[in-house]
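Reader: I am new to reading protein models. Can you walk me through some features, one at a time?

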Amino acid sequence: MQKRLFLHAIALASLTATGAMAQDNTFKIGLILPMTGQQATTGRQIEAAARLYMAQNGDTVAGKKIQLIVKDDTSLPDATRRLAQELVVNDKVNVLAGFGITPSALATAPIATQSKTPMVVMAAATSSITQASPYIVRTSFTLPQASVALADWAPKNGIKKVVTLVSDYGPGIDAEKFFKERLTFNGGQVTESLRVPLRGPDFAPFLQKVRDAKPDALFVFVPSGAGAAVMKQFAERGLDKAGIKLIGTGDVTDDDQLNDMGDVAVGVVTSHHYSAAHPSAMNKKFVEAFGKANKGLRPNFMAVGGYDGMRVIYEALKTSKGQGGGDALLAAMKGQIFESPRGKMFIDAQTRDVVQDIYLRKVERKDGQLYNVEFDVIKDVKDPGKTK
Ligand code: DHB
């Protein structure tokens with residue numbers, strides 16, 4: 001009896017040891033994304049980019065086997081939080097990543113803080129997100145970053161009177177506020193600010209109002225995936241024929257959809273941090289490899305946020321030599337500076353937010369395809385939304 005108990009104890013101990021060793025040699029990334037529903041293209045783009053990064057850079061880093069665990073939150077923040085909790089408690093992930101929309105990132109922030117797990121925000125772009133937890137690092141962009149550049153460009157190009165139309169939640173409110181403040185500072189005027197619901201928006205009645213108001217331009221922010229519907233309605237309501245220009249952050253001429261938008265998109269000027277047409281050698285390679293691995297799919301700004309997010313995680317793991325927990329990883333994420341397919345980028349050690357070039361771009365047809373062609377750049381833009 002004694003002996004059997006003893007053997008049992010040994011078996012248990014060795015099982016635990018094997019378990020612990022397997023655990024020690026695995027580095028888990030919990031990637032929470034909207035894979036279905038209104039924001040599904042964001043999930044598809046980011047997952048594809050993360051897998052491409054792993055295919056190109058191997059799945060062993062600092063002696064650890066990288067395991068990517070993808071979860072679909074359908075872009076419902078309650079689901080994001082529940083999945084993050086399960087990933088931390090049950091799967092013992094080393095890093096949380098993804099976060100397709102702002103409410104999902106904000107809902108998860110307390111879990112990152114409590115569990116001291118670095119949380120890499122690859123998509124969501126409301127300025128305040130990085131202030132919701134000291135464990136958040138962002139590789140996407142912020143709406144103030146993109147909006148201010150366009151508000152500097154517009155009045156120099158004959159656009160003085162503008163109506164704004166934004167999705168009624170964090171990033172839309174940021175875009176509306178920062179665009180308006182800077183345009184007003186530059187001598188322009190926002191004559192009306194319209195907000196449409198995030199879920200299932202009907203743009204038609206809003207666009208009719210804009211047509212009646214006859215501004216020089218309509219400034220638009222809608223999340224990735226909604227741009228094509230705006231373009232279609234803009235043309236159907238005859239706003240382009242009425243001489244109203246469409247301008248916006250690059251979310252509206254999203255590379256995921258741009259090619260199917262047709263003539264109405266040609267000439268649209270936007271400001272953003274990434275275009276699939278960015279003319280660098282690194283980006284050309286990225287776009288080609290991404291297309292090759294995904295049946296010709298063109299990467300958009302979500303993909304680049306995912307790709308660079310993986311880079312930040314890989315390098316942090318290398319720098320901390322696979323030792324130490326969340327705090328060591330976080331420290332090694334801060335201050336990273338590197339070339340991305342978007343251009344040079346930098347993770348500000350103080351704010352943990354991305355500092356990057358913002359481009360002015362115009363939609364042009366090249367070889368029969370529609371692209372956001374960059375024509376000007378504002379270097380090293382910090383998030384203007386940060387108060388400290
Ligand atoms: C957010 C989502 C988007 O799809 C986008 O293009 C910009 C911001 C967000 O929810 O933060």
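Author: We will take helices, then a loop residue, then empty spaces. One point comes before all else: this is a predicted model.

Reader: Let me start with helix α3. How far apart are the end C-alpha atoms of α3?

Author: Work out what to expect, then compare. Helix α3 covers residues 77-89, which is 13 residues. At 1.5 Å a residue it should span 18 Å. The end C-alpha atoms are 18 Å apart, so the model agrees with the expected span.

Reader: Which residues of α3 are buried?

Author: Buried means under 20% relative accessible area. In α3 that holds for Ala 79, Thr 80, Leu 83, Ala 84, Leu 87 and Val 88. Now look down the axis of α3. These buried residues fall within an arc of 160 degrees, so they line one face of the helix.

Reader: Why do residues three or four places apart point the same way in an α-helix?

Author: An α-helix has 3.6 residues a turn, so a step of three or four places brings you back to the same direction.

Reader: What covers the buried residues of α3?

Author: The cover includes three strands and a helix: β1 (26-33), β3 (64-72), β4 (95-98) and α4 (102-115).

Reader: Let me try α7. Which of its residues are buried?

Author: Helix α7 runs over residues 204-213, and Ala 204, Leu 207 and Val 210 are buried there. Use the view down the axis again. The buried residues of α7 fall within an arc of 115 degrees, so they too line one face of their helix. Their cover includes β7 (161-167), β8 (189-196), β9 (217-221) and α8.

Reader: What follows α7, and what is its phi?

Author: Lys 214 follows α7. Its phi is positive, near 45 degrees.

Reader: Now a loop. Is Ala 276 buried or exposed?

Author: Locate the residue, then check its area. Ala 276 sits in the loop between β11 (269-272) and α9 (281-293). Its relative accessible area is 8%, so Ala 276 is buried.

Reader: Which residues does Ala 276 touch?

Author: Leave out residues up to four places away in sequence. Ala 276 then touches Asp 255, Asn 283, Val 287, Arg 298 and Pro 299. Take Asp 255. It is 21 residues from Ala 276 in sequence, yet the two are 6.7 Å apart in space, C-alpha to C-alpha.

Reader: On to empty space. How many cavities of 30 Å³ or more are there?

Author: The search of the whole structure finds 1. The largest cavity holds about 130 Å³ of space. It has 17 lining residues, and those nearest its centre are Gly 100, Ala 123, Tyr 169, Pro 223 and Met 302. By class, the lining has 11 nonpolar, 5 polar and 1 charged residues.

Reader: What is the volume of the largest pocket?

Author: About 290 Å³. Its lining has 22 residues, and Phe 27, Lys 92, Asn 94, Gly 324 and Gly 325 are the closest to its centre. Strand β1 gives the most to this lining, with 3 residues. The classes are 6 nonpolar, 11 polar and 5 charged.

Reader: How does the second largest pocket read, by volume and lining?

Author: Its volume is about 240 Å³. Of its 18 lining residues, Lys 245, Leu 246, Val 266, Gly 267 and Val 268 are the closest to its centre. Here β10 (245-249) and α8 (227-236) each supply at least two residues, and β10 gives the most, with 3. By class, this lining has 12 nonpolar, 3 polar and 3 charged residues.

Conventions:
Residues numbered from 1 in each chain as written. Predicted model: local features only at pLDDT ≥ 70, side-chain atom pairs only at ≥ 80, totals over all residues. Heavy atoms only, no water. Helix = DSSP H or I, 4+ residues; strand = E, 2+ residues; numbered from the N terminus. Expected span 1.5 Å × (residues − 1). Buried < 20%, exposed > 50% of the residue type's maximum accessible area, 1.4 Å probe, protein only. Arc of directions from axis to C-beta. Contact = heavy atoms within 4.5 Å. 1 Å grid on protein atoms, 1.4 Å probe; cavity = no way out; pocket = protein on both sides within 12 Å on 5 of 7 lines; lining within 4 Å. Points joined across faces, edges and corners; volume = space filled by probe spheres on them. Nonpolar A, V, L, I, M, F, W, Y, C, P; charged D, E, K, R; others polar.
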